[in-house]
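Student: Could you take one part of this chain and give me a close look at it, starting from a single strand and working outwards? I would like one connected account rather than a list.

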Amino acid sequence: MNEYLLHAALDAAGRGWPVIPLRPRSKVPALHGERRCPGTGDCADGHRTFEQRATTDRARIERCWAAGPFNVGIATGPAGLLVVDLDTLKPTDEEDAPDGAANFQALCERAGHAVPATRRIRTPSGGEHLYFTAPSGIRLTNTTGTLAPKVDTRAWGGQVVAPGSVTPQGSYAVLDDRPVANLPDWLQKTLTARQRPATTPLLPTLARDTDRYAAAVLRREVAAVATTAEGGRQAELLRAVRAVGRFVAWGDLDRATVEAAFTCGGESAGLPPGECRATIRKALDYSIRTAWPRRTA
């Protein structure tokens, strides 16, 4: 099994798509998150996200997959991909409801186009992944049901399970191995119409003695929130505030300043002010309560 999964990882990497290990028989990344970051190895100079740690390096991939039967994840953003995920119906859905494939076909027909011919992967549930080359100069992010019900997309901030990976429900398999098509212009316009224009929120002025690293993390996370598309904004706000909360617990950032900054970011993304404040307060309370002690040299 290890050799089979290694081949799957090397195949993706050979196409120029950076990969990460996923837990065996799972879709969950087998990488530590920021809260459990040991601060060693790749993270010696600060926590590196899964997108930063994804790799096409053959030696690193061989070392990783020699350690266990990891499934293979493709980091879609660094790979330059946008993947359309067509989901199947769940037991809780109405029996006569259309699935993702039917909804996507209807979306294409309304736009006056056929379903694009491109690389297609079958998921264990019977759904499909349609691979497209993302356009340059536009940073598309994940969407959940904003194109149509049961139709999601994975781009920056997301990953897809590569063919050859196996879960208890079955395996991911190639349905159509043709070259990856460029994202159609009409679909790009449909996606970008559902994203607010990227804006740089006006942040509160930070105190002169503010820790430089903490300030940089705050700016980065607020910008990430501000540019998140509809469908994932509240989850991104919650994640980003939790990522910064430790600096408030350590005294590197003032809580009121952090709250004001993320309120700017959340409102720039289109979230209502009241929803922003409630999410920020909840996330900061959690982060301050659970923050680990600062590591010292």
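Tutor: Happy to. Let's call a residue buried when its relative accessible area is under 20%, exposed when the area is over 50%, and partly exposed in between (1.4 Å probe, protein chains only). Helices (H or I, at least four residues) and strands (E, at least two) are DSSP runs, numbered from the N terminus. This is a predicted model, in which local features need pLDDT of at least 70 and side-chain atom pairs count only at pLDDT 80 or more, while totals for chains, interfaces and linings use all residues. Residues are numbered from 1 along each chain as its sequence is written, and side-chain values use heavy atoms, with hydrogens and water left out.

Our starting point is strand β7, residues 151–154. Val-151 and Thr-153 point one way from β7, Asp-152 and Arg-154 point the other way, and all are buried. Two strands count as paired if DSSP finds at least two bridges between them. By that rule β7 pairs with strand β6 (residues 143–148) in the antiparallel sense over three bridges, and Ala-148 of that pair stands opposite Val-151. β6 and β7 form a hairpin with two residues between them. Lys-150 is found in the loop that links β6 and β7, and its phi is near 70 degrees, a positive value in a residue other than glycine.

β7 also runs antiparallel to strand β3 (residues 81–86), joined to it by four bridges. Here Val-84 has Thr-153 as its bridge partner in β7.

Val-84 leads us to a further residue, His-129, whose place is in strand β5 (residues 128–133). His-129 is buried, with a relative accessible area of 6%. Contact means heavy atoms within 4.5 Å. Leaving aside neighbours within four places in sequence, His-129 is in contact with Val-83, Val-84 and Asp-85, with Arg-119, Arg-120, Ile-121 and Thr-123, and with Val-160, Val-161 and Tyr-172.

Let's widen the view to the nonpolar packing. In soluble globular proteins, nonpolar side chains tend to be buried together. A nonpolar core is a set of buried Ala, Val, Leu, Ile, Met, Phe, Trp, Tyr and Cys residues joined through side-chain atoms within 4.5 Å. The largest such core has 26 residues, of which Val-19, Trp-65, Ile-74 and Tyr-131 touch the most other members. β3 is one of the elements that each supply at least two residues, along with α1 (2–14), β1 (19–22), α3 (58–66), β2 (71–75) and β8 (159–161). With six residues, α1 gives the most to this core.

Several of those contributors meet in an open sheet of three strands, ordered β1-β2-β8 with antiparallel pairing. β1 and β8 stand at the edges, each with a single partner strand, so one side of each is left without a neighbour in the sheet. From one strand to the next the twist averages 35 degrees. β2 and β8 are joined by three bridges in the antiparallel sense, and Ile-74 finds its bridge partner in Val-160 of β8. For the helices around this sheet, axes are lines fitted to C-alpha atoms, for helices over the stretch in contact, and angles run from 0 to 180 degrees between N-to-C directions. α1 lies across β1 and β2, running at about 15 degrees to β2. α3 also lies across β1 and β2, at about 5 degrees to β1.

Tyr-172, which we met as a contact of His-129, also touches Thr-167. Thr-167 lies in strand β9 (residues 166–167) and is buried, with a relative accessible area of 7%. Not counting residues up to four places away in sequence, Thr-167 touches Arg-25, Asn-71 and Pro-124 besides Tyr-172. Thr-167 and Ser-26 are 141 residues apart in sequence, yet 5.6 Å apart in space, C-alpha to C-alpha. Arg-25 has its place in the loop between β1 and α2 (50–53). Arg-25 is partly exposed, with a relative accessible area of 47%, and its phi is near 60 degrees, a positive value in a residue other than glycine.
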